[in-house]
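Hi there,

Here is the structure I promised to send over. Have a look at it first, then read my notes underneath.

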Amino acid sequence: MKKVLITGANSYVGNAFKRWIEEKHADAIQVDTVGMRNGEWEEQSFEGYDVILHAAGIAHVSTDKSMEDLYYKVNTDLTAEVATKAKREGVHQFIFLSSMIVYGDASNAQMITRDTEPKPTNFYGNSKLQAEKKLELLADESFLVANVRPPMIYGNGSKGNYVKLAGLARKVPLFPSYENRRSMIHVDNLSEFLALLILHEDHGTFHPQNADYVCTSELVTTIGAVHGNQVRTTGLFNGVIGTLVDKNMTMNKLFGDFAYAKELSAYSHDYHVRDFFDSIVHTERHEPSSQ
């Protein structure tokens, strides 16, 4: 039985992972959580835990310069402090939830491969990358570090761009048919991946994603269909979108390419418990996780 402590008691991924383990892997993994506020984690003994899943952090991307110091304090320095305590108290594996944003954004129509160097374009991405570098200094044979760089995470209760698109998909009658490729991961696929990392004691840097890339137009039409809104697609605006996609932030977020090469996400065990359509149905209909 692996004993896992999630640091970040109220984190979206942490909560989803805990539910997944309790439903799917309760015979092999035991999960506890600890909060990060008011120094609660400092009072918690890490002794006896095999794994720390560090899910705490500021998750949203901000361009507000007044937030910069806080990002580095929480995402970088706090991560290193938790890892140092974990190593000192005998934890064997430390899993850090980093982000695809360490590679920048979709402004350069990226297909990220093994040769792509991280190049953050904002302090959120850089704070995650700097945390990874600090963890590398702590890693050794007795303290295994796994840096996980997921793309956009979605699922029941998720926030961010997926929710905005889902709201749009319920209402619009028409949407551009512009072709793009995005890496995304449903939270159940990510939870299964994390479970496998723990069960197999893997370490290194990982880039999990759904089995298939997502095209924005397909995402909108699929979400719309789940809600009974048959969204029609048109190529009428594709020329304008193609001109603006690398210049306009809104167009970039909607229609830019930002994906991991499939080989970068290859893993020795299959973690794809939900395909694209099933993940959208599950997310939009808020079905129980065990279904």
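Helix H7 (residues 216-226) and helix H10 (residues 276-285) pack with their axes 10 Å apart, at an angle of about 50 degrees. That angle falls outside the roughly parallel, roughly antiparallel and roughly perpendicular ranges, so H7 and H10 count as oblique to each other. The crossing of H7 past H10 is right-handed. On the H7 side, the contact is made by Glu218, Leu219, Thr222, Ile223 and Val226, while H10 brings Phe276, Phe277, Ile280, Val281, Glu284 and Arg285. Sorted by class, that contact has 7 nonpolar residues, 1 polar and 3 charged. Keep in mind that this is a predicted model.

H7 has another partner, so to speak: H5 and H7 pack at about 60 degrees, and their axes are 8 Å apart. H5 and H7 are therefore oblique to each other as well, and H5 passes H7 in a right-handed crossing. If you want to find the contact on screen, pick Tyr162, Leu165, Ala166 and Ala169 in H5, then Thr216, Leu219, Val220, Ile223 and Gly224 in H7. How many charged residues does the contact of H5 with H7 have? There are no charged ones; the contact has 7 nonpolar and 2 polar residues. Leu219 and Ile223 are worth clicking on, since both turn up in the contact with H5 and in the contact with H10.

Next, take a look at helix H3 (residues 68-88) and helix H4 (residues 123-138), whose axes are 9 Å apart and meet at an angle of about 20 degrees. Why do we call them roughly parallel? Angles under 35 degrees count as roughly parallel, so H3 and H4 fit that label. Their crossing is right-handed. The contact has a long list of residues, including Tyr71, Tyr72, Ala80 and Lys87 in H3, and Phe123, Lys128, Ala131 and Leu138 in H4. By class, the contact of H3 with H4 divides into 9 nonpolar, 7 polar and 5 charged residues.

Last stop: the second largest pocket, which holds about 200 Å³ of space. Which elements give two or more residues to its lining? They are helix H5 (161-169) and helix H9 (249-255). The lining is made up of Asn161, Lys164, Leu165, Leu168, Met249, Thr250, Lys253 and Leu254. Those residues divide into 4 nonpolar, 2 polar and 2 charged. You may recognise Leu165: it lines this pocket and also belongs to the contact of H5 with H7.

Have fun clicking around!

Key. Residues are numbered from 1 along each chain as its sequence is written. This is a predicted model: local features need pLDDT of at least 70, side-chain atom pairs count only at pLDDT 80 or more; totals for chains, interfaces and linings use all residues. Side-chain values use heavy atoms; hydrogens and water are left out. On a 1 Å grid over the protein atoms alone, a cavity is a set of points where a 1.4 Å probe fits but cannot get out, and a pocket is an open set with protein on both sides within 12 Å along at least five of seven lines; lining residues have an atom within 4 Å of a point. Grid points are joined across faces, edges and corners, and a volume is the space filled by probe spheres set on the points. Helices (H or I, at least four residues) and strands (E, at least two) are DSSP runs, numbered from the N terminus. Ala, Val, Leu, Ile, Met, Phe, Trp, Tyr, Cys and Pro count as nonpolar, Asp, Glu, Lys and Arg as charged, and the others, Gly among them, as polar. Axes are lines fitted to C-alpha atoms, for helices over the stretch in contact, and angles run from 0 to 180 degrees between N-to-C directions. Angles under 35 degrees count as roughly parallel, over 145 as roughly antiparallel, 65 to 115 as roughly perpendicular and the rest as oblique. A crossing is left-handed if the near helix is turned anticlockwise from the far one by less than a right angle, and right-handed if clockwise. Contact means heavy atoms within 4.5 Å.
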